[in-house]
Amino acid sequence: MCKTPELPATIVAAQEKFEVALRDASAIDIVNNFGAAFNAARVITLLREALTDEVMARVFMPLMNTKVGFRTDRDGKPDKQGRVKPLYDVPTVRDAIIDAAIIGLLPTGNQFNIISGTMYPTKEGYTVLLKKIGAKYVIDVQQDRSQNPAFAEFPCKITYSYNGEKNSLTINATVRRDQYSSNDQLRGKAERRAKKALYEYLTGTDYGEADETSSRPNAVIDTVAVEISEKGNAGPAIGFDDAEVATVEEASAPAAAPEPVAAQAAAPVQPAEVQPQAAPQTAPAYNAPRKPNF
């Protein structure tokens, strides 16, 4: 008969401390209790004491990027450009586990992911969070109605019961898709967005989004608009050729100061009798008669 290997005493002690911290965390009402900050600080301290480097290396790091553990955006596989990002280090994974544990999520069952070094609840994670607050719900994910090859849009009708209130709401879950996305994957992402929206609606708590741009298909348009605004009026005038632009620029330029008299002396002077007999422009065209003196 195969004998189960015994864990070192340090690991057993850390396991007991970790379980105590999880029980305390599950009893914290972070959403609606301002006084929970003191209990949360105590739980975080207890978790940091339990999650030593030895415990992380032997227990939790092997769970990273596994089906029974938690997923990350760094799985050691090359991306589309052939680049391989290094796996997350112990401090990053430790912080993610603590962030997840303090809201009631475990590092097993794919309840959270680590994206860009930050913990984000998954669809399974929001299922746990909604169950924790006692919400009952039914989500109807309808057919994709988007014609955009980069995004899918699923109307989701949510019917829920929470604290004696029964209601329903509808959201449009927009998720990014590519040539490798299957319909089941897209519907799963839409369901996660629906659960996330319901949890935020009931609690007012937002734990962020792992892929913010997938919910904003106009993000590229906004970026281009900002770029155009910053570069506005920096190019040549529209509707004029180069000669016309030069003429407009000369006309709009400030008048040059008059040249010194010495510089004007070199210019030829016309004889006085050659000049046409014209009235000075500054002279009035009409002189009013003088008032007689009496």
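This is a short tour of a predicted model, stop by stop, with residues to select at each one.

**Stop 1: two helices**

Select residues 9–26, helix H1, together with residues 53–60, helix H3. The two helices pack at an angle of about 90 degrees, and their axes are 10 Å apart. Angles of 65 to 115 degrees count as roughly perpendicular, and H1 and H3 are therefore described that way. To see the contact, show the side chains of Thr-10, Ile-11, Ala-14 and Phe-18 on H1. On H3, the residues to show are Glu-54, Val-55, Arg-58, Val-59 and Phe-60. Sorted by class, this contact of H1 with H3 has six nonpolar residues, one polar residue and two charged residues.

**Stop 2: the three-stranded sheet**

Next, find the open sheet of three strands, whose order is E1-E2-E3 and whose pairing is mixed. Strand E1 (71–72) and strand E3 (118–121) stand at the edges; each has a single partner strand, so one side of each is left without a neighbour in the sheet. Now select residues 112–115, strand E2. E2 and E3 run antiparallel and are joined by four bridges. Within this pairing, Phe-112 is opposite Pro-121 of E3. Then add residues 90–102, helix H4, which lies across E2 and E3. The direction of H4 is at about 140 degrees to E2.

**Stop 3: the hairpin**

Move on to residues 151–162, strand E5, and residues 165–176, strand E6. These strands pair in the antiparallel sense over twelve bridges. Select Phe-151 and look across to E6, where its bridge partner is Arg-176. Then go to the turn of the hairpin, where two residues lie between the strands. Here Asn-163 takes a positive phi near 50 degrees.

**Stop 4: Leu-169**

Stay on strand E6 and select Leu-169. What does Leu-169 touch, leaving aside its neighbours within four places in sequence? The contacts are Cys-156, Lys-157, Ile-158, Tyr-160, Leu-198 and Tyr-201. For one of these, Cys-156, a distance can be drawn: its C-alpha atom is separated from that of Leu-169 by 8.4 Å, and the two residues are 13 residues apart along the chain.

**Stop 5: aromatic rings**

Finally, show the aromatic side chains. How many aromatic pairs does the structure hold? There are five aromatic pairs. Select Tyr-126, Tyr-199 and Tyr-207 to see three rings that form one aromatic cluster. In general, a pair of aromatic rings is described by the distance of the centres and the angle of the planes.

How values were computed: Residues numbered from 1 in each chain as written. Predicted model: local features only at pLDDT ≥ 70, side-chain atom pairs only at ≥ 80, totals over all residues. Heavy atoms only, no water. Pairing = 2+ DSSP bridges. Contact = heavy atoms within 4.5 Å. Axes fitted to C-alpha atoms, helices over the stretch in contact; angles between N-to-C directions. Phe/Tyr/Trp six-rings, centres within 6.5 Å; stacked < 30°, edge-to-face > 60°. Parallel < 35°, antiparallel > 145°, perpendicular 65-115°, else oblique. Nonpolar A, V, L, I, M, F, W, Y, C, P; charged D, E, K, R; others polar.
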